[in-house]
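Reader: I have a fold in front of me and would like to know what stands behind the words used for it. Could you take me through them?

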Amino acid sequence: MLQRLPQMLILDALVREQGFSAAARRLGVSKSYISKQLAQLEASLGAQLVQRTTRRFALTELGEDYARHCRALVIQAQEADSMVAERQGRVSGVLHLGIGQSFGRLHVVPRLQEFQRNYPELELEVSLFDRRSNLVDEGLDLWITTVEDKPEGLVGQRLADIGFVVVASPDYLLQHGTPLTPQDLQHHNCITYQSQERRYDQWQFRRGRERLAVPVSGNYRVDLAEAVRDAALAGLGIAYVANYLLEDELRQGRLIPLFPEWEPSQKMAVHAVYARREHLPPKVRHFIAFLKEIFGHPPHWEARQQPWLGRLSLTRE
């Protein structure tokens, strides 16, 4: 069994890179060496693990199960290396991050250089996406997400709560009039976020103990949160946007907040999600601590926003 350990690491690299050439580049060996080692592994097991085609890399059903054990082996080896490095005062290795697309681009990626200055021996591999993730299968150490329902077996730490504001551009309000109550949204063009994971075509509000859910519709639906904000700035309609998307748009009057008596009550939080383990790897622990420090409490984007600085009354001439 021990002689198969290097070959198990090679299989894991094949799965992570989804191909022989990419795995060879990652490991610093030749493509023929990868093929030879895989063939020897299959021969020693007496089982086919990989379906060989000219167009794509694919595991057999047995190969998928075996690859999961290989991934667990690699994770344990990485944790052992991290433990030694931390005991020596170092944090090293590769940190594989999955981050929500808009949130990551605006609030995490710009700070990664600062994190790497603190830990120069640590390499970062970052994927930006908004879909649900299974960390173990994808080889991720940490997933920074606003997805509410997480796959079984994953745990997370809440990093920040996200608030919302309903906004429109001055141009839109001048052309179409200003809605005075949330119910008026049904007579306006509303820009909505829609993806495989979420569909926000019902906007939530509260006023004291009163709760309100308003169905909305419009001619523009998009699966990127930043694009919802940008469409509102372009005057395409009214948007229900997360406060982390806003910099100075409200202060500058480029977007106008609506319904000061009604608070948008959509719930969302940013979580750091990782696989359930007895000991959290140092590289993951340090990155979570870094995020908590840069976000602060309340989050820095929340402190910037004062959405009710004054409401512009806009009517058509």
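Author: Happily; what follows is a set of questions about terms, each answered by setting a value against its definition.

Author: First, a word on the source: this is a predicted model, in which local features need pLDDT of at least 70 and side-chain atom pairs count only at pLDDT 80 or more, while totals for chains, interfaces and linings use all residues. Residues are numbered from 1 along each chain as its sequence is written, and side-chain values use heavy atoms, with hydrogens and water left out.

Reader: Thanks! How many helices and strands are there in the protein chain, and what makes a run count as one?

Author: The protein chain has 11 helices and 15 strands. They are DSSP runs numbered from the N terminus: H or I over at least four residues for a helix, E over at least two for a strand.

Reader: Why is valine 15 called buried?

Author: Buried means under 20% relative accessible area, exposed means over 50%, and partly exposed lies in between (1.4 Å probe, protein chains only). Valine 15 has 14% relative accessibility, so this residue counts as buried. Valine 15 sits in helix α1 (residues 5-17). Beyond its neighbours within four places in sequence, valine 15 is in contact (heavy atoms within 4.5 Å) with Phe57, Leu59 and Ala67. For the protein chain of 317 residues, 46% count as buried.

Reader: What makes helix α9 mostly covered?

Author: Helix α9 spans residues 225-233, and 7 of its 9 residues are buried. These are Ala225, Glu226, Ala227, Val228, Arg229, Ala231 and Ala232. Their cover includes α5 (101-108), β8 (190-193), β11 (221-222) and β12 (238-242). After α9 comes glycine 235, with a positive phi near 85°.

Reader: Why are α2 and α3 described as roughly perpendicular?

Author: Helix α2 (residues 20-27) packs against helix α3 (residues 31-45) at an angle of about 105°, the axes being 8 Å apart. Axes are lines fitted to C-alpha atoms, for helices over the stretch in contact, and angles run from 0 to 180 degrees between N-to-C directions. Under 35 degrees counts as roughly parallel, over 145 as roughly antiparallel, 65 to 115 as roughly perpendicular and the rest as oblique. The pair α2 and α3 is therefore roughly perpendicular.

Reader: Which residues of α2 and α3 meet?

Author: Phe20, Ser21, Ala23, Ala24 and Leu27 of α2 meet Lys31, Ile34, Ser35 and Leu38 of α3.

Reader: How do you know whether the tryptophan 203 and tyrosine 240 pair is stacked, tilted or edge-to-face?

Author: The whole structure holds 11 aromatic pairs. Rings of Phe, Tyr and Trp (its six-membered ring) pair if their centres lie within 6.5 Å; planes under 30 degrees apart count as stacked, over 60 as edge-to-face and the rest as tilted. Tryptophan 203 and tyrosine 240 have ring centres 5.3 Å apart and planes at 40°, so their pair is tilted. Tryptophan 203 belongs to strand β9 (residues 202-207) and tyrosine 240 to strand β12, 37 residues apart. Both tryptophan 203 and tyrosine 240 are buried.

Reader: And what makes the pair of phenylalanine 205 and phenylalanine 259 edge-to-face?

Author: Their planes are 85° apart, with 5.9 Å from centre to centre, and this pair is edge-to-face. Phenylalanine 205 is in β9 and phenylalanine 259 in the loop between β13 (256-257) and β14 (263-264), so the pair ties together parts 54 residues apart in sequence. Phe164, Trp203, Phe205, Tyr240 and Phe259 make up one aromatic cluster.
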